[in-house]
Amino acid sequence: MSSPVATRRLGLFSATTLVVASMVGTGVFTTSGFLLADLQSPWLVLLAWLVGGGLAACGALCYGALARRLPESGGEYLFLSRTLHPAAGAMAGWISIVVGFAAPLAAAALAFGEYTRDWLPGKSPQWLGSGLLCGLALIHALRMEGGARLHNLTVALEMLLIGAFAVLALARLPAEVLTRPTPDSSSPAGFAVGLIWVSFSYYGWNAAVYVAGEVRDAERNLPRSLLIGTALVTGLYLALNAAFVFAAPWEVLAGQAEIGRLAAQALGGALWADALTALIALVLAASVSAMTVAGSRVYARMATDGELPRLFRAQAGVPRLAIAMQCALALALMWSASFRSLLTYIGFTLNLCAAATVVGLIRIRLREGAQLKVVGWPLAPATFLLGVLWMASSAVVRQPIESLWGLATLAMAWLLWRLGRALRGEQSRH
């Protein structure tokens, strides 16, 4: 068996690219169309992206402190198990499996198929997405080093291309659109629900903590990767969305999921639209790659702790069966459901899990005192918790069905933990 040191193959750059690729996914290319429909102001849309980045940075500071304290793989499952209660950790693990990784993996792969089907006539989006899911699962299962190198190259290329598009697009914005008056019909509750959609696009700022056991010098590199990745993506999102929302009158873009393609069409015609479509496909592939790596580590950690069968544990540093299980679940979801209506549900549920993790940080910080260093204490955790509370309460009022789905998911996760504990107790008696 390899030593713990030998399995730590990921440096600061790899951990940071994992964060970036996990954050930059389909949300940034679709969310602003829905935000424009609700907020009816490009400036309020940009404010939502800025506030969302600030909340993500506060969350990254909190998770960075926990990563220094518990530099092992497992994410919220590990953190909540150690800081609150094993039940909280198990619930977070089950939620991560379905809401945190399998559903977003399926959504990203399906979006990849939607964007690329015109290039491969006769192939459905589901088949194209299945090929992406299975291909990347195979790469990461066979050899972690090769997958990491491919992932790093892809993320570096996508960041360069997105940055170039944002610069060129901003330079071509029509001046009259920037000063065009917009109605002021938004509400604080509507803005808060919009933040849930934005938070879904930012979610991934915590990605590196899921593979903490494979990061070199994790106590130092993990917090840095979380903050650097979040800062890079926040700047990128602001530039990219400024280009999107000001490319044409807001009424033309409002409610349109393909706002990126429409903006590119308005600024540069069909050539720009096709080029951005290719870029979006690259981004989605990188996002699927990142989530394949991060999510499988939650399965493996739960198997190590007895919450899942032991055969899902990592072998020689790579959780191959966990990767296969995650891929199979994502395939089942992709072929059986549409995820457009799940945007609020996913953001609502994942924000509650992140908030519980920050509560766990506060608990051990109060217990251990200043020896547990938390950058931004107590402002960062307090800001994050207040932001999540505002978003969650607004979602319950304005979108109760999706919120109830999220609460039902939490209840189901708790029942699964109780069932698992009962089964283990029965087995121990025999």
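Contact, in these exercises, means heavy atoms within 4.5 Å. The model is predicted, so that local features need pLDDT of at least 70 and side-chain atom pairs count only at pLDDT 80 or more, while totals for chains, interfaces and linings use all residues. Residues are numbered from 1 along each chain as its sequence is written, and side-chain values use heavy atoms, with hydrogens and water left out.

**Exercise 1. Find the contacts of valine 374 and describe its setting.**

Step 1: Leaving aside neighbours within four places in sequence, valine 374 is in contact with Ala65, Arg68, Leu361 and Arg365.
Step 2: Valine 374 lies in the loop between H14 and H15, where helices (H or I, at least four residues) and strands (E, at least two) are DSSP runs, numbered from the N terminus.
Step 3: The relative accessibility of valine 374 is 9%, so the residue counts as buried; buried means under 20% relative accessible area, exposed over 50%, and partly exposed in between (1.4 Å probe, protein chains only).
Step 4: Valine 374 and leucine 66 are 308 residues apart along the chain, yet their C-alpha atoms are separated by 8.5 Å.

**Exercise 2. Characterise the overall fold of the protein chain by its helices, strands and contacts.**

Step 1: The chain contains 16 helices and 0 strands.
Step 2: Among contacts with a separation of 6 or more, residues 24 or more positions apart account for 81%.
Step 3: Of its 430 residues, 57% count as buried.
Step 4: The chain exposes about 17400 Å², of which carbon and sulfur atoms supply 67%; accessible areas come from the Shrake-Rupley method with a 1.4 Å probe, and for residues only the protein chains shown count as cover.

**Exercise 3. Locate the largest nonpolar core and follow one of its members to a partner in helix H12.**

Step 1: A nonpolar core is a set of buried Ala, Val, Leu, Ile, Met, Phe, Trp, Tyr and Cys residues joined through side-chain atoms within 4.5 Å. The largest one has 124 residues, and Val24, Tyr202 and Trp205 touch the most other members.
Step 2: Helix H12 (residues 259-304) gives the largest share of this core, 19 residues.
Step 3: Apart from this core lies another, of 6 residues, among them Leu10, Ala15, Ala67 and Ala218.
Step 4: Not counting residues up to four places away in sequence, valine 24 touches several residues, including Glu158, Tyr237 and Ser287.
Step 5: Serine 287, in helix H12, is buried with a relative accessible area of 3%; with the same sequence neighbours left out, serine 287 touches Ala21, Ser22, Val24 and Gly25.
Step 6: Serine 287 and glycine 25 are 262 residues apart in sequence, but 5.6 Å apart in space, C-alpha to C-alpha.

**Exercise 4. Identify the salt bridge and state which parts of the chain the pair links.**

Step 1: A salt bridge is a side-chain nitrogen of Lys or Arg within 4 Å of a carboxyl oxygen of Asp or Glu, and the structure holds 1.
Step 2: The partners are arginine 69 and glutamate 368, whose closest N and O atoms are 2.6 Å apart.
Step 3: The pair links distant parts of the chain, with arginine 69 in helix H3 (residues 42-69) and glutamate 368 in helix H14 (residues 343-368), 299 residues apart.
Step 4: Arginine 69 is partly exposed, at a relative accessible area of 37%.

**Exercise 5. Explain why cysteine 327 and cysteine 134 form no bond.**

Step 1: A disulfide is a covalent bond between the sulfur atoms of two cysteines. The cut-off used here is a pair of cysteine sulfur atoms within 2.5 Å.
Step 2: The closest cysteine sulfur to that of cysteine 327 belongs to cysteine 134 and is 4.1 Å away, which is too far for a bond.
Step 3: A search of the whole structure finds 0 disulfides.
Step 4: Cysteine 327 counts as buried, at 10% relative accessibility.

**Exercise 6. Find the backbone exceptions at proline 378 and glutamine 40.**

Step 1: Most residues other than glycine have a negative phi, and most peptide bonds are trans.
Step 2: The peptide bond from tryptophan 377 to proline 378 is cis, with omega near -5 degrees, and proline 378 is placed in the loop between H14 and helix H15 (379-398).
Step 3: Glutamine 40, a residue other than glycine, has a positive phi near 60 degrees and is found in the loop between helix H2 (31-39) and H3.
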